[in-house]
Amino acid sequence: MSTRILIIEDEEALTLLLRYNLEAEGFEVDTVARGDEADLRLLEQVPDLVLLDWMMPGLSGVELCRRIRARRETERLPVIMMTARGEESDRIRGLTTGADDYVVKPFSVPELMARVRALLRRSKPAHVADLLVAGDIELDRVSHRVRRDGRELRLGPTEFKLLEFLMQSPGRVFSREQLLDGVWGHDVYIDERTVDVHIGRLRKVLNRSRDPDPIRTVRGSGYSFDEMFAEAG
């Protein structure tokens with residue numbers, strides 16, 4: 001499952017450079033060139049990390065960072081601020097506003113990539129780990145194998161990606177629309193009930209031996225990977 005990074009930057013050349021390098025590292029990248037548009041985008045979908053320019057049309061990066069930290073859905077969203085402002089007072093202001101890290105333009109792209117990976121390891125270890133473990137379930141991202149209580153389970157590619165997506169965020173409830181975006185992608189137009197079909201298939205394989213069901217149905221909202229099941233391991 002690709003980790004999603006949102007670039008909020010109005011310099012097109014820098015945006016293209018960052019997109020190229022991030023995609024080369026295996027990240028899924030989205031870009032926005034205005035602060036006010038980024039504010040709306042974050043209300044629609046929360047990425048795994050944000051690269052945020054300080055000086056933006058529509059809404060400044062500092063104000064956008066404040067709004068990110070003020071919302072419950074994004075209060076822990078990793079943010080790296082990018083700016084030409086290199087004075088100590090500006091760095092302090094950026095970090096005080098809520099940025100997790102701060103890089104001064106022009107910066108080394110390899111260094112920024114290293115900062116991105118380091119911040120993701122600290123904030124979202126499940127997104128960079130090769131092995132996800134919850135209760136008696138193990139999901140190996142490298143070999144694309146899933147085991148439960150030592151038994152190997154045969155999952156289809158969609159069911160594997162669905163389980164991986166849910167296991168990354170135990171306890172978080174995802175709507176069908178969010179699951180479609182996260183597992184099938186933004187550009188695929190299929191009925192939301194397709195999610196129910198694949199959840200059913202996933203449950204059938206996971207619970208074949210009458211094991212406890214790790215997937216929780218939240219009526220009227222969607223599905224989640226049960227955090228109590230995850231903690232039981």
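Two strands count as a pair when DSSP finds at least two bridges between them. Strand E10 (residues 215-218) and strand E11 (residues 222-225) meet that rule, since they run antiparallel and are joined by four bridges. Welcome to this structure, which is a predicted model. The hairpin of E10 and E11 is a good place to start.

## A hairpin to begin with

Three residues lie between E10 and E11, and Gly220 in this turn has a positive phi of about 80°. If you look across the hairpin, you will find Thr217 opposite Tyr223 in E11.

## The four-stranded sheet

Next, follow the chain back to an open sheet of four strands. Its order is E6-E7-E8-E9, and the pairing is antiparallel. Strand E6 (131-134) and strand E9 (151-153) stand at the edges with a single partner strand each, so one side of each has no neighbour in the sheet. From one strand to the next, the twist averages 25°.

In this sheet, strand E7 (residues 137-140) pairs with strand E8 (residues 145-148) in the antiparallel sense, over four bridges. Ile137 is placed opposite Arg148 in E8.

Arg147 is also part of strand E8. With a relative accessibility of 28%, Arg147 counts as partly exposed. Which residues does Arg147 contact, leaving aside its neighbours within four places in sequence? They are Asp136, Ile137, Glu138, Glu152 and Leu153. For Arg147 and Asp136, which are 11 residues apart along the chain, the C-alpha atoms are separated by 8.0 Å.

## Unusual backbone spots

A little background helps here. Most residues other than glycine have a negative phi, and most peptide bonds are trans.

Two residues that are not glycine go against the first of these habits, and both sit in loops of the sheet region. His144, in the loop between E7 and E8, has a positive phi of about 60°. Asp149, in the loop between E8 and E9, has a positive phi of about 50°. Are these residues buried or exposed? His144 is exposed, with a relative accessible area of 53%, and Asp149 is exposed too, at 57% relative accessibility.

The peptide bond between Lys105 and Pro106 is cis, with omega at about -10°. Pro106 belongs to the loop between strand E5 (101-104) and helix H5 (109-123).

## Two helices

Helix H5 has 15 residues, and the distance from its first C-alpha to its last is 21 Å, close to the 21 Å expected at 1.5 Å a residue. Its buried residues are Val109, Leu112, Met113, Val116, Leu119 and Leu120. These residues lie on the same side of H5, because they cover an arc of only 130° around the axis. Pro110 and Arg122, on the other side of H5, are exposed.

Helix H7 (residues 157-167) brings us back to the sheet. H7 lies across E6, E7 and E8 and runs at about 110° to E7. The helix is mostly covered, with nine of its 11 residues buried. Among them are Phe160, Leu162, Leu163, Leu166 and Met167, and the buried set also includes Thr158, Glu159 and Glu164. Another buried residue of H7 is Phe165, which returns in the next section.

## Aromatic pairs

How many aromatic pairs does the structure hold? There are two aromatic pairs, set out below.

| Pair | Centre to centre | Angle between planes | Arrangement |
|---|---|---|---|
| Trp54 and Tyr102 | 6.4 Å | 85° | edge-to-face |
| Phe165 and Phe174 | 4.7 Å | 55° | tilted |

Why is the pair of Trp54 and Tyr102 edge-to-face? Planes over 60 degrees apart count as edge-to-face, and the planes of these two rings are at 85°. Trp54 lies in the loop between strand E3 (49-53) and helix H3 (61-70), while Tyr102 is in strand E5, so the pair ties together parts that are 48 residues apart in sequence. Trp54 and Tyr102 are both buried.

The other pair can be read in the same manner. Phe165 is buried, with a relative accessible area of 13%. Its partner Phe174 also counts as buried, at 3% relative accessibility. The cut-off behind both calls is that buried means under 20% relative accessible area.

Conventions
Residues are numbered from 1 along each chain as its sequence is written. This is a predicted model: local features need pLDDT of at least 70, side-chain atom pairs count only at pLDDT 80 or more; totals for chains, interfaces and linings use all residues. Side-chain values use heavy atoms; hydrogens and water are left out. Axes are lines fitted to C-alpha atoms, for helices over the stretch in contact, and angles run from 0 to 180 degrees between N-to-C directions. Contact means heavy atoms within 4.5 Å. Buried means under 20% relative accessible area, exposed over 50%, partly exposed in between (1.4 Å probe, protein chains only). The expected span of a helix is 1.5 Å times one less than its number of residues. The arc is that of the directions from the helix axis to the C-beta atoms. Rings of Phe, Tyr and Trp (its six-membered ring) pair if their centres lie within 6.5 Å; planes under 30 degrees apart count as stacked, over 60 as edge-to-face and the rest as tilted.
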